[in-house]
Amino acid sequence: MNERMVDVAVIGAGAAGLAAATVTANAGCSTVVIDREKFPGGILRQCIHNGFGLRYFKEELTGPEYAGRAAGKCLDAGAELWLDHTVSNLKRTDDGLLVLDVLSAETGVTRLTAKAVMLAMGCRERNRGNLAIPGSRPAGVFTAGTAQKLLNSVGVLPGKSAVIVGSGDIGLIMARRLTWCGIKVKAVVEIMPHPSGLTRNIVQCLNDFDIPLYLGHAVVNICGKNRVSGVDIAPLADGIPQDEKTFHIDCDTLLFSVGLIPENELSVTAGVTLDLATGGAKVTSGYETDVPGIFAAGNVLHVHDLVDFVSEEAERAAKGVLQYLKKETTADNCRAAAGKNLKYVVPGSCRAGEKQLFSFRPLIVTDGGKLTAKCGDDVVFTQRIPFVRPAEMIAVEVDVPENAAGITFELHPGEVSK
């Protein structure tokens with residue numbers, strides 16, 4: 001078995017892992033980035049549309065361009081990329097070091113010992129099995145990301161006519177991409193009364209191509225034996241399909257864009273406690289998990305809507321790693337909680353008397369919303385949010401008051417959008 005010791009091991013060479021490794025390597029820490037794929041960049045490599053990088057790189061890039069820039073920065077900083085390598089185990093030893101078992105077809109097994117580990121494994125798509133839709137199991141059923149990979153990376157058309165289940169951003173972007181490739185997109189079906197994706201993607205990917213969006217509807221049956229032949233769709237009332245109003249759409253392809261799940265199997269193996277609201281790890285203000293020395297950032301922590309936010313968060317987390325290595329970490333003394341109309345808040349704790357950036361996922365659709373923070377009965381922060389959508393993450397900086405033991409955030413509706 002090969003053995004190696006480094007200051008920082010980063011698991012995942014997507015946007016989060018590359019940004020975090022750039023910071024730690026620039027600070028002089030020996031840094032290794034491990035990824036099971038043959039090339040760095042993660043999901044960005046198959047996202048050939050533009051719209052990336054406006055915040056982080058200050059110019060509009062395609063996904064592969066963003067991945068290339070991020071990987072270049074990481075290598076220039078001095079980090080090593082271990083590509084086509086897989087971490088099979090992660091544990092903390094009694095002496096406080098972190099041990100990773102890394103597998104590679106080329107080099108075999110490497111026992112990598114690190115002083116700190118950054119979890120940056122990203123997320124995966126929910127699939128048909130998560131929804132339990134009735135029907136047979138024909139060919140032609142894909143997640144939106146798999147169909148995207150087939151089109152953009154492999155060069156294979158997934159079908160001739162499609163229905164998309166869920167209005168997540170990947171599904172919306174695929175509706176446009178399929179249309180450009182000559183595949184007829186007959187409908188996007190969303191169980192919620194509002195879209196799950198960004199407003200700009202609704203406009204640019206559906207409205208501009210006259211693709212119908214059925215809100216408050218569900219696919220209740222998948223038809224076909226060897227290949228998908230169509231789907232049955234019904235409107236919902238209080239979450240229950242109205243069978244008498246069911247209608248049929250012929251198609252040979254069905255894509256699922258029904259949400260993302262943080263990839264945290266390895267985190268659980270390491271003993272990291274997960275937050276039920278995010279699906280990711282519970283972290284401190286320095287993005288450290290409850291296992292000392294293990295940090296998390298990006299989509300493995302909570303699902304983001306913009307890759308620029310992923311990179312920015314990973315840089316903040318990497319600064320937490322540097323503080324940990326220098327033994328400069330100060331324990332959090334103030335709990336952060338998500339209250340009315342908010343699904344979660346990250347991080348879940350902070351330090352009183354300091355400025356902290358908090359991220360939220362709203363649960364309501366409203367215009368002119370008001371975000372407040374309370375310490376006890378005192379309102380200590382208020383900010384207007386012009387457009388509130390569950391698909392769009394909210395992030396604000398708050399000066400946490402001195403001696404605050406807890407801070408609770410609430411989102412209050414303004415004018416409800418129609």
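**Gln-204 and its helix**

I looked up Gln-204 to start with: its relative accessibility is 38%, so I put it down as partly exposed. I should say right away that I'm working from a predicted model. Gln-204 sits in helix H6. I then checked how far Gln-204 is from Arg-176: the C-alpha atoms are 8.0 Å apart, with the two positions 28 residues apart in sequence.

Next I wanted the neighbouring helix axes. How do the axes of H5 and H6 cross? Helix H5 covers residues 169–180 and helix H6 covers residues 199–206; their axes come within 8 Å and cross at roughly 20 degrees. Angles under 35 degrees count as roughly parallel, so I wrote H5 and H6 down as roughly parallel to each other. Their crossing is left-handed.

**Another helix pair**

I did the exercise again with helix H1, residues 15–26, and H8. Their axes also come within 8 Å, and here the crossing angle is roughly 40 degrees. That makes H1 and H8 oblique to each other. As for the hand, H1 passes H8 in a right-handed crossing.

**Salt bridges**

How many salt bridges are there? I noted a count of 13. The general idea is simple enough: side chains of opposite charge can pair when their charged atoms come close. I picked three pairs to follow up.

Pair one is Glu-263 with Arg-124, whose side chains meet at 3.0 Å, N to O. Glu-263 is in the loop between strand S17 (260–262) and helix H7 (265–269), while Arg-124 is in strand S7 (residues 123–125), so this bridge ties together parts that lie 139 residues apart in sequence. Buried or exposed? Glu-263 has 17% relative accessibility, so it counts as buried. Arg-124 comes out at 32%, so I have it as partly exposed. I also saw that these two are not on their own: Arg-124, Glu-263 and Glu-265 are linked in a network of salt bridges.

Pair two is Asp-305 with Arg-361, a salt bridge of 3.9 Å, N to O. The pair links distant parts of the chain, 56 residues apart: Asp-305 is in the loop between strand S18 (294–296) and helix H8 (307–325), and Arg-361 is in strand S22. Asp-305 counts as buried at 17% relative accessibility. Arg-361 counts as buried too, at 11%.

Pair three is Asp-367 with Arg-389, at 3.2 Å, N to O. I placed Asp-367 in strand S23 (residues 366–375) and Arg-389 in the loop between strand S24 (378–388) and strand S25 (394–399), so the bridge ties together parts that are 22 residues apart in sequence. Arg-389 has a relative accessible area of 19%, and the cut-off for buried is under 20%, so Arg-389 goes in my buried column.

**Back to strand S22**

Since Arg-361 had taken me to S22, I looked at Ser-359 as well. Ser-359 lies in strand S22, which runs over residues 355–362. With 2% relative accessibility, Ser-359 counts as buried. I also took its distance to Val-321, 38 residues away along the chain: the two C-alpha atoms are separated by 19 Å.

**A patch on the surface**

Which residues form a nonpolar patch on the surface? I found Met-1, Leu-103 and Val-109, with about 270 Å² of accessible area together. I looked closer at Leu-103, which is found in strand S5 (residues 98–104). Its relative accessibility is 36%, so Leu-103 counts as partly exposed.

**Backbone oddities**

Last, I went through the backbone. Most residues other than glycine have a negative phi, and most peptide bonds are trans. I noted a few exceptions.

Val-346 and Pro-347 are joined by a cis peptide bond, with omega about 0 degrees. Pro-347 is in the loop between strand S20 (342–346) and strand S21 (349–350).

Asp-84 has a positive phi, near 60 degrees. I found Asp-84 in the loop between strand S3 (80–83) and strand S4 (85–92). At 35% relative accessibility, Asp-84 is partly exposed.

Asn-403 also has a positive phi, near 65 degrees. Its place is in the loop between S25 and strand S26 (406–412). The relative accessibility of Asn-403 is 76%, so I wrote it down as exposed.

Key. Residues are numbered from 1 along each chain as its sequence is written. This is a predicted model: local features need pLDDT of at least 70, side-chain atom pairs count only at pLDDT 80 or more; totals for chains, interfaces and linings use all residues. Side-chain values use heavy atoms; hydrogens and water are left out. Patches are made of residues with over 30% relative accessible area and no salt bridge: like charges are joined within 9 Å, nonpolar side chains (Val, Leu, Ile, Met, Phe, Trp, Tyr) within 5 Å. Accessible areas come from the Shrake-Rupley method with a 1.4 Å probe; for residues, only the protein chains shown count as cover. A salt bridge is a side-chain nitrogen of Lys or Arg within 4 Å of a carboxyl oxygen of Asp or Glu. Helices (H or I, at least four residues) and strands (E, at least two) are DSSP runs, numbered from the N terminus. Buried means under 20% relative accessible area, exposed over 50%, partly exposed in between (1.4 Å probe, protein chains only). Axes are lines fitted to C-alpha atoms, for helices over the stretch in contact, and angles run from 0 to 180 degrees between N-to-C directions. Angles under 35 degrees count as roughly parallel, over 145 as roughly antiparallel, 65 to 115 as roughly perpendicular and the rest as oblique. A crossing is left-handed if the near helix is turned anticlockwise from the far one by less than a right angle, and right-handed if clockwise.
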